[in-house]
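The following questions and answers concern the contact between two protein chains and the cores formed there. Please consult the sequence and the structure while reading.

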Amino acid sequence: MVSLNHFLVLSGILFSIGTAGVFLRRNLITILLSIEIMLNAVNVTFVAAGRYSGTVDGQIITFFVMTVAAAEAAVGLALVIALFRHRETLSPEAFTSLKW
Amino acid sequence: MDLIVFYIFAGLAVLASLGVIGQRNTMHSVMLLIVSFGALAGLYILLDAPFTAVTQIIIYAGAIMVLFLFVVMLLNAHTEADLAPALGPHAWKFGTLLSALLGLEVVCGLWRLGLTSFNNDAGTVSSVSSVRQIGTVLFTTYAFAFEVTSILILVSMVGAVVIAGRPRRDP
């Protein structure tokens, strides 16, 4: 049996990859993809912790996280489409009207 | 044996995720993310969570990624401009350093959590892997959260239609 720490370390690595994507990429769609990576890293933590405490609660929270991820993807992509319609680009540098 | 399977799937997931953020072509990024989700589904099987694994494939790889693919194709914006002129030459290094530090912190914290909070014995397989058990808990203990989730989905659906719909023209 693989120990819990293996899964936790994997989850931490995946989460930092997701944050690196948010920091480094200049494309709104790729930033949304990186957020999905981060959500999945958290899911791994939930399922592993639930497995090692012997309950199904981890899987149920994962189910809710997936639902929220679906809603987030729908609204996020709708925002991307609306922004693209205004500026004809996907670079976040183009959307700085509210920047102080 | 389990450890070998774990390392195969974990390596696949990490490499595919690195490919997602290292890829200039958005279409390839989406495809690589599907690979990463498939590897994570394999890990869920390894964790005796077949329901979550199947949900992962159907909802994430099936539905959400198809939505992303639609938008990528619709906007026809496959490549992105260079980062360097906008943020200066050290932006890459600084971002990588920051996320590496965050990863180190998260790994250290989770490592301590794994050592202290959970007994590392695996428990019984039948209690965590049965769909009947998941359904029972979902519709009794978490029934309210489940209903709220349905409202959330409805609101986000309406919101997506309103935001992405054709802008209203004033006469």
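Contact here means heavy atoms within 4.5 Å. The model is a predicted one.

Q: How many residues does the contact take from chain A and from chain B?
A: A residue is counted when its heavy atoms lie within 4.5 Å of the other chain. On that basis, the contact takes 72 residues from chain A and 85 residues from chain B.

Q: What area is buried between chain A and chain B?
A: Carbon and sulfur atoms give 77% of the buried area. On the chain A side, Leu24(A), Arg51(A) and Met66(A) lose the most area to chain B, together 10% of what that side buries. The area buried between the two chains is about 7,000 Å².

Q: Which side chains meet in a salt bridge between chain A and chain B?
A: The count between the two chains is one salt bridge. Its N to O distance is 2.8 Å, within the 4 Å cut-off. The partners are Asp48(B) and Arg51(A).

Q: Which helix gives the most to the side of chain A that touches chain B?
A: The helices α1 (4-24), α2 (28-53) and α3 (57-87) of chain A each supply at least two residues of that side. The greatest contribution is 23 residues, and it comes from α3(A).

Q: Which residues does Leu43(B) touch, not counting residues up to four places away in sequence?
A: In the largest nonpolar core, of 28 residues, Leu43(B) is among the four that touch the most other members. The residues touched by Leu43(B) are Phe7(A), Leu10(A), Phe6(B), Phe9(B) and Ala10(B).

How values were computed:
Residues are numbered from 1 along each chain as its sequence is written. Chains are lettered from A and ligands numbered from 1 in the order in which they are written. This is a predicted model: local features need pLDDT of at least 70, side-chain atom pairs count only at pLDDT 80 or more; totals for chains, interfaces and linings use all residues. Side-chain values use heavy atoms; hydrogens and water are left out. Buried area is the accessible area (1.4 Å probe) that two parts lose on being put together, summed over both. Helices (H or I, at least four residues) and strands (E, at least two) are DSSP runs, numbered from the N terminus. A nonpolar core is a set of buried Ala, Val, Leu, Ile, Met, Phe, Trp, Tyr and Cys residues joined through side-chain atoms within 4.5 Å. Buried means under 20% relative accessible area, exposed over 50%, partly exposed in between (1.4 Å probe, protein chains only).
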